[in-house]
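Me: I would like to learn how to read a two-chain model, feature by feature. Please give the general idea, then the case at hand.

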Amino acid sequence: MDKGTWTVKAGLAQMLKGGVIMDVVTAEQAKIAEEAGACAVMALERVPADIRAAGGVARMADPSVILAIIETVSIPVMAKCRIGHFVEAQALEALGVDFVDESEVLTPADESHHIWKHDFKVPFVCGCRDLGEALRRIGEGAAMIRTKGEAGTGNIVEAVRHMRAVRDEIRKLGSMTTDELVAEAKALGAPLELVIEVHKTGGLPVVNFAAGGVATPADAALMMQLGAEGVFVGSGIFKSSDPEIMAKAIVKATTHYRDPAIIAEVSKGLGVAMPGLDIRTIPEENLLSPRGW
Amino acid sequence: MKKIGVLALQGAFVEHIALLRRLDVEAFPIRLPQELESLDGLVIPGGESTTIGKLMREYDLMAPLSSLCNEGFPIMGTCAGMILLAKRVSDLSLEPLGAMDLEVRRNAFGRQVDSFETDLEIPAIGEPLFHGVFIRAPFIERVGDGVAVLARLPNGTGVAARQGNMLALAFHPELTDDLRLHSYFLSIVNGDKNQ
């Protein structure tokens with residue numbers, strides 16, 4: 001029996017497809033998320049909107065919070081570590097989390113290097129803004145990718161930008177001749193063998209979700225129609241006025257993302273979505289998505 | 001050409017559709033009850049069993065799926081699909097379809113770090129061994145009369161079963177390149193009654 005293989009790591013991401021992964025900060029919220037139909041939860045100490053408001057250094061959550069959530073739900077539990085902080089990742093693996101998110105939402109621990117994720121049995125998900133960043137992370141061993149968006153804003157615009165960038169670059173690679181791929185790999189800053197694979201298959205070698213700014217069922221369906229294979233919802237659920245109803249509605253909209261009648265139906269009477277932020281009003285040093293190298 | 005629906009509420013349904021199409025059947029996603037009409041067979045894929053189970057309820061798929069099961073309709077469930085077909089499941093907050101006389105334990109091998117790959121002997125499909133991919137997988141705790149266990153781990157744990165025209169697998173043939181279990185399911189669709 002071989003454990004922790006690439007197939008079972010990338011395979012878990014395949015099992016999450018078409019689903020919604022919800023940020024939760026307590027066992028009670030985790031239960032609400034599971035009851036609403038989340039396919040996994042992300043265990044955190046604070047949702048991104050609160051991390052943004054609090055400032056300071058954001059770190060891995062307290063293990064007692066993560067363990068309480070693991071004990072409460074039977075769906076997969078994810079948790080975040082800082083970029084490059086491989087010891088936080090080792091601790092999360094030891095706690096038994098099912099997926100580690102090496103996340104720009106926390107304050108980076110290393111401004112040059114990400115974690116070498118092939119060394120772990122637990123699978124990793126990492127954020128990207130474009131294809132080059134996605135392929136660098138996959139090269140390091142990420143078994144799942146999510147476009148970053150701008151977490152904690154309730155504004156979908158950056159998520160759309162990043163998803164379109166990835167899709168456009170994949171299309172561009174597909175239209176190139178083989179002899180053009182080396183120069184393109186150099187331009188993307190991506191491993192050549194992965195560039196060749198994307199050129200051949202027309203897609204990423206791992207599952208790609210959307211994240212960062214999903215606040216409504218229509219936002220979730222928009223990202224799915226743009227090519228996301230599922231969505232992460234951070235602050236969008238537990239910062240809305242009725243988290244239970246919002247969570248259920250986003251789950252339904254993600255499954256039925258091509259069915260406008262269902263999206264319209266589930267969008268009725270949701271209460272107030274999380275208050276949003278205009279990205280252009282955020283000082284550059286407070287943006288989360290440029291973190292990552 | 002036979003029409004096989006793949007329940008597409010959540011999970012790895014695209015992988016099943018791609019494998020089935022390689023076997024020259026018409027395969028397509030099913031999300032609503034009206035889409036179940038005029039099918040020859042159905043696959044319930046891997047994914048999160050609570051998510052799939054809840055969406056089955058929300059969109060009124062439980063009753064039509066139960067009546068298909070009672071009619072002896074060919075259905076194959078993998079991982080979450082096995083859980084949803086079982087009669088009894090430990091640690092599941094909702095009622096499964098209960099179509100197969102199986103008692104199943106969810107996340108039976110542990111958490112994701114315990115997910116594994118191993119080769120399985122499956123006499124129903126013959127040689128060579130089948131490469132089983134187990135991801136937060138369930139296993140069979142008990143089978144009723146009329147259920148044949150098709151595959152076991154070396155310690156005797158049942159990981160595949162057939163009852164009539166229904167097939168339940170704890171692992172993921174859709175994550176491999178081996179078409180034999182899908183072919184076996186299509187032989188059931190085509191009326192092969194042998195167990």
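Reply: Start with strand pairing: two strands count as paired if DSSP finds at least two bridges between them. Note also that this is a predicted model. Here A:Asp2 stands opposite B:Glu117, a residue of E7(B).

Me: Which strands does that position belong to, and in which sense do E1(A) and strand E7 of chain B pair?

Reply: In general, strands of a sheet pair through backbone hydrogen bonds, either parallel or antiparallel. In this model E1(A) pairs with strand E7 of chain B, residues 116–120, in the antiparallel sense over two bridges.

Me: How many strands form the open sheet, and in what order?

Reply: The sheet has three strands, ordered E1(A)-E7(B)-E8(B), with antiparallel pairing. E1 of chain A and strand E8 (130–134) of chain B stand at the edges with a single partner strand each, so one side of each has no neighbour in the sheet.

Me: What is found in the loop between E7 and E8 of chain B?

Reply: That loop holds B:Pro128. The peptide bond joining B:Glu127 and B:Pro128 is cis, with omega at about -10 degrees.

Me: How do I read the size of the contact between the chains, and what is the area buried between chain A and chain B?

Reply: The size of an interface is often given as the accessible area lost when the parts come together. Between chain A and chain B about 3100 Å² is buried, and carbon and sulfur atoms give 56% of that area. A:Met1, A:Met15 and A:Ser74 supply 21% of what chain A buries against chain B, more than any other three residues. As a residue count, 42 residues of chain A are in contact with 38 residues of chain B.

Me: How many residue pairs are in polar contact between chain A and chain B?

Reply: There are 23 such residue pairs between the two chains, both residues being at pLDDT 80 or more. On the side of chain A that touches chain B, the elements giving two or more residues are strand E1 (2–3) and helices H1 (6–16), H2 (27–36), H12 (243–255) and H13 (260–266). H1(A) gives the most to that side, with eight residues. By class, that side of chain A has 18 nonpolar, twelve polar and twelve charged residues.

Me: How many salt bridges are there between chain A and chain B?

Reply: The general idea is that side chains of opposite charge can pair when their charged atoms come close. The count between chain A and chain B is six salt bridges. One of the salt bridges joins A:Asp98 and B:Arg111, whose closest N and O atoms are 2.5 Å apart. B:Lys54 forms a salt bridge with A:Glu35, and there the closest N and O atoms are 3.4 Å apart. This pair crosses between chains, from helix H2 of chain B, which holds B:Lys54, to helix H2 of chain A, which holds A:Glu35. Over all chains the count comes to 32 salt bridges.

Me: Now the chains themselves. How many helices and strands are in chain B?

Reply: Chain B has five helices and twelve strands. Its radius of gyration is 15 Å, close to the 16 Å that the globule rule gives for 195 residues, so chain B is as compact as a globular protein of that length. Along the principal axes, the C-alpha trace of chain B spans about 45 × 35 × 30 Å.

Me: What does the secondary structure of chain A come to?

Reply: Chain A comes to 13 helices and nine strands. For chain A the radius of gyration is 18 Å, close to the 19 Å given by the globule rule for 293 residues, so chain A is as compact as a globular protein of that length. Its C-alpha atoms fill a box of roughly 55 × 45 × 45 Å along the principal axes.

Me: How far apart are B:Leu23 and B:Leu186 in sequence and in space?

Reply: They are 163 residues apart in sequence and 8.8 Å apart in space, C-alpha to C-alpha. B:Leu23 lies in the loop between helix H1 (13–22) and strand E2 (26–30) of chain B. Leaving out residues up to four places away in sequence, B:Leu23 touches B:Leu179, B:His182, B:Ser183 and B:Leu186.

Methods: Residues are numbered from 1 along each chain as its sequence is written. Chains are lettered from A and ligands numbered from 1 in the order in which they are written. This is a predicted model: local features need pLDDT of at least 70, side-chain atom pairs count only at pLDDT 80 or more; totals for chains, interfaces and linings use all residues. Side-chain values use heavy atoms; hydrogens and water are left out. Contact means heavy atoms within 4.5 Å. Buried area is the accessible area (1.4 Å probe) that two parts lose on being put together, summed over both. A salt bridge is a side-chain nitrogen of Lys or Arg within 4 Å of a carboxyl oxygen of Asp or Glu. A polar contact is a pair of N or O atoms within 3.5 Å; within protein, one must be able to donate a hydrogen and the other to accept it, and residues adjacent in sequence count only if both atoms are side-chain atoms. Helices (H or I, at least four residues) and strands (E, at least two) are DSSP runs, numbered from the N terminus. Ala, Val, Leu, Ile, Met, Phe, Trp, Tyr, Cys and Pro count as nonpolar, Asp, Glu, Lys and Arg as charged, and the others, Gly among them, as polar. The radius of gyration is taken over C-alpha atoms; the globule rule is 2.2 Å times the number of residues to the power 0.38.
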